[in-house]
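Q: Please take one part of the model shown below and look at it closely. I would like one connected account that starts from that part and then follows it into the rest of the chain.

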Amino acid sequence: MKSDKILLDHGSGGKLAHQLTTEVLMPMFNNPFLAQLHDGAVFEVDNGRLAFSTDTFVVDPIFFPGGNIGDLAVNGTVNDLAMCGAVPRYLSMGLILEEGLTFADLKRVLESVRTALDRAGVLLVTGDTKVVPRGAADRLFINTSGIGVVPEGVTIGATGAQIGDAVILSGNMADHGIAVLTQREGLRFESGVTSDTAPLNGLVQAILAVCPQVHVLRDPTRGGVGTALNEIALQSGVGVVLEEAKLPVSPAVAGICDLLGFDPIYLANEGKLLCFVPAGQAEAVLAAMREHEFGRQACIIGRTVSDHAGRVVMQTAIGGQRIVDMLAGEQLPRIC
């Protein structure tokens, strides 16, 4: 490439656009599907049901401790499919590039995309690139859509929670929210908090191997654990009781939240999941999760009850109770 920055002509559909595709994008992700340079991809799927999901990533800044917009975009869609109980197979990627973005930054993001795809065992089979004038976007936005196969006998949905379920969280809350916030605002802490962005499809398969009757899976991203639990309680018509003393938060994140006035239960996570399972199978699920690299800190944080259907109530560490409501607005915009 003659220029070291994205120009409007890179999105024109002409020679520079062709060069961007063949000299930058294709070498990163080349496979038999993309090599056809067709408008879509045709592929074989297993018999059964498919899960389909799409998401758009506008995180600010695009680079943050523990990751960047590239791996976040892949992991986000992989996890959305995994929360349906699906095995993610194929992804698409739409890039919106702002004029002036450097090729060095673009390639750094694309390298992360490739690494995340390999880690999740997913193929990028189609994509699109648009370039917009300077000021019409903020450096780089990414849309990813994905397709996964739902194994026979797996039925997971937000309406599936049942009275008596154990509620399991796979690890510490709020790491991603604090990592992005501190990078964005230039806050200097010696905490070393990094984003937890990670693909959770392997962890989900480990759970399903010991408990195919999982009732609900949810990755608590924007709005955090508190909002995700409220959504599940409402959709399933059950009450949720949380044990404050069991909610996992790293000391570093807890300290920063105390200092800045944030409640970690509402901060974003990008590599954690909530799991509602029959109480009798909770210990087996916990053991399987703790064997997996992304579930080592898994713990039971609560249970479902017939009281206060549709609401989440926390048993506080000092013996009281408080309602954990749904987050009313966006605590931290552009977090993913």
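**The second largest pocket and its surroundings**

A: The lining of the second largest pocket divides into 11 nonpolar, 7 polar and 7 charged residues, where Ala, Val, Leu, Ile, Met, Phe, Trp, Tyr, Cys and Pro count as nonpolar, Asp, Glu, Lys and Arg as charged, and the others, Gly among them, as polar. The model is predicted, so that local features need pLDDT of at least 70 and side-chain atom pairs count only at pLDDT 80 or more, while totals for chains, interfaces and linings use all residues. Residues are numbered from 1 along each chain as its sequence is written, and side-chain values use heavy atoms, with hydrogens and water left out.

The second largest pocket (an open set of points on a 1 Å grid where a 1.4 Å probe fits, with protein on both sides within 12 Å along at least five of seven lines) has a volume of about 450 Å³. Its lining, meaning residues with an atom within 4 Å of a point, is made up of 25 residues, and those lying nearest the centre are Asp80, Arg218, Asp219, Thr221 and Glu231. At least two lining residues come from each of strand 1 (49-57), helix 2 (69-82), strand 8 (216-218) and helix 6 (224-236); here helices (H or I, at least four residues) and strands (E, at least two) are DSSP runs, numbered from the N terminus. The most generous contributor to the second largest pocket is helix 6, which gives 4 residues.

Two of the residues nearest the centre of this pocket, Arg218 and Glu231, have side chains that meet in a salt bridge, at 2.6 Å from N to O. This pair links distant parts of the chain, with Arg218 placed in strand 8 and Glu231 in helix 6, 13 residues apart. A salt bridge here is a side-chain nitrogen of Lys or Arg within 4 Å of a carboxyl oxygen of Asp or Glu. Arg218 is buried, at a relative accessible area of 17%, whereas Glu231 is partly exposed, at 30% (buried is under 20%, exposed over 50%, partly exposed in between, with a 1.4 Å probe and protein chains only).

The structure as a whole holds 9 salt bridges, and two others can be set beside the pair from the pocket. Asp138 forms a salt bridge with Arg334, the closest N and O atoms being 3.0 Å apart. Asp138 lies in the loop between strand 5 and strand 6, and Arg334 in the segment after strand 13 (321-323), so the pair ties together parts that are 196 residues apart in sequence. Asp138 is partly exposed, with a relative accessible area of 28%, and Arg334 is also partly exposed, with a value of 28%. In another salt bridge, the side chains of Asp128 and Lys130 come to 2.7 Å, N to O; Asp128 is partly exposed, at 40%, and Lys130 likewise counts as partly exposed, at 43%.

Asp128 leads on to the largest pocket, since Asp128 is listed with Thr21, Leu37, Gly127 and Thr129 as lying nearest its centre, within a lining of 27 residues. Two or more lining residues of the largest pocket come from each of helix 1 (15-29), strand 4 (87-98) and strand 5 (123-132), and helix 1 has the largest share, 8 residues. The lining of the largest pocket divides into 12 nonpolar, 12 polar and 3 charged residues, and the volume of this pocket is about 610 Å³.

Some features of the backbone complete the picture. Most residues other than glycine have a negative phi, and most peptide bonds are trans. Asp60 and Pro61, however, are joined by a cis peptide bond with omega of about 5°, and Pro61 has its place in the loop between strand 1 and strand 2 (63-64); strand 1 is also one of the elements that line the second largest pocket. Arg139 has a positive phi, near 70°, in the loop between strand 5 and strand 6 (140-150), and is partly exposed, with a relative accessible area of 31%. Ala174 has a positive phi of about 75° although it is not a glycine; Ala174 sits in the loop between strand 7 (165-169) and helix 4 (175-185), where it is buried, with a relative accessible area of 0%.

Methods: Points joined across faces, edges and corners; volume = space filled by probe spheres on them.
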